[in-house]
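The following exercises introduce a structure step by step. Each task is followed by a worked solution that may be checked against the coordinates.

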Amino acid sequence: MTLTLDNRSQNKESSVTQALRQIQQLNSKIQELEQQHQDYVRSQQNLISAIAEICVSPMQEIQALRILIYRGEATCRQYLRSVLVKRKKAS
């Protein structure tokens, strides 16, 4: 009887230990995702500032924001580069 109780106690302890390990892994993953999200938000804020600086007309700004929303950051940066190239050619 004592042996059975000891086995049950050990099983409960190992279950608790396993659960704690899983919680720690989840917390680590949450921290990693939060950092990635903060990096993403920061890059988007920088890009929006760049849109405001580079675009000379409201239509260009709207186009840049649409591209950012629907096609992503890389395509938006490409559009902004093309706006800068066109401006340099015009001057």
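**Exercise 1. In which helix is Ser-43 found? Determine also its burial and its contacts.**

Solution. The model under study is predicted.
Step 1. Ser-43 lies in helix α1, which spans residues 2-54.
Step 2. The relative accessible area of Ser-43 is 18%. Buried means under 20%, so Ser-43 is buried.
Step 3. When neighbours within four places in sequence are set aside, Ser-43 touches Glu-73 and Arg-77.

**Exercise 2. Is Gln-44 buried or exposed? State its place and its contacts.**

Solution.
Step 1. Gln-44 also has its place in helix α1.
Step 2. With a relative accessibility of 13%, Gln-44 counts as buried.
Step 3. Apart from neighbours within four places in sequence, Gln-44 is in contact with Leu-68 and Glu-73. Glu-73 is thus a contact of Ser-43 and of Gln-44.

**Exercise 3. Describe the make-up of the protein chain as a whole.**

Solution.
Step 1. The protein chain holds 3 helices and 0 strands.
Step 2. Read from the N terminus, the order of its elements is α-α-α.
Step 3. The protein chain has 91 residues, of which 14% count as buried.
Step 4. Consider the contacts between residues at least 6 apart in sequence: 49% of them join residues at least 24 apart.

**Exercise 4. At what angle do helix α2 and helix α3 pack, and which residues meet there?**

Solution. Two packed helices are described by the angle between their axes and by the distance between those axes.
Step 1. Helix α2 covers residues 58-71 and helix α3 covers residues 73-90; they pack at an angle of about 155°, and their axes are 7 Å apart.
Step 2. An angle over 145 degrees counts as roughly antiparallel, and therefore α2 is roughly antiparallel to α3.
Step 3. The crossing in which α2 passes α3 is right-handed.
Step 4. On the α2 side, the residues in contact are Gln-60, Gln-63, Ala-64, Ile-67, Leu-68 and Arg-71. On the α3 side, they are Glu-73, Thr-75, Cys-76, Tyr-79, Leu-80 and Val-83.
Step 5. Sorted by character, the residues of this contact comprise 7 nonpolar, 3 polar and 2 charged.

**Exercise 5. Examine Gln-60: how far apart in space are Gln-60 and Val-83, C-alpha to C-alpha?**

Solution.
Step 1. Gln-60 is found in helix α2.
Step 2. Its relative accessibility is 21%, so Gln-60 counts as partly exposed.
Step 3. Gln-60 and Val-83 are separated by 23 residues in sequence, and their C-alpha atoms are 8.4 Å apart in space.
Step 4. Beyond neighbours within four places in sequence, Gln-60 is in contact with Cys-55, Tyr-79 and Val-83.

**Exercise 6. Why do Cys-55 and Cys-76 form no bond?**

Solution. A disulfide is a covalent bond between the sulfur atoms of two cysteines.
Step 1. From the sulfur of Cys-55, the closest cysteine sulfur is that of Cys-76, at 7.7 Å.
Step 2. A disulfide requires sulfur atoms within 2.5 Å; the sulfurs of Cys-55 and Cys-76 are therefore too far apart for a bond.
Step 3. The search from Cys-76 leads back to Cys-55, again at 7.7 Å and too far for a bond.
Step 4. The count of disulfides accordingly comes to 0.
Step 5. As to burial, Cys-55 counts as buried at 5% relative accessibility, and Cys-76 counts as buried at 0%.

Note on methods: Residues numbered from 1 in each chain as written. Predicted model: local features only at pLDDT ≥ 70, side-chain atom pairs only at ≥ 80, totals over all residues. Heavy atoms only, no water. Axes fitted to C-alpha atoms, helices over the stretch in contact; angles between N-to-C directions. Helix = DSSP H or I, 4+ residues; strand = E, 2+ residues; numbered from the N terminus. Parallel < 35°, antiparallel > 145°, perpendicular 65-115°, else oblique. Left-handed = near helix turned anticlockwise from the far one by under 90°. Contact = heavy atoms within 4.5 Å. Nonpolar A, V, L, I, M, F, W, Y, C, P; charged D, E, K, R; others polar. Buried < 20%, exposed > 50% of the residue type's maximum accessible area, 1.4 Å probe, protein only.
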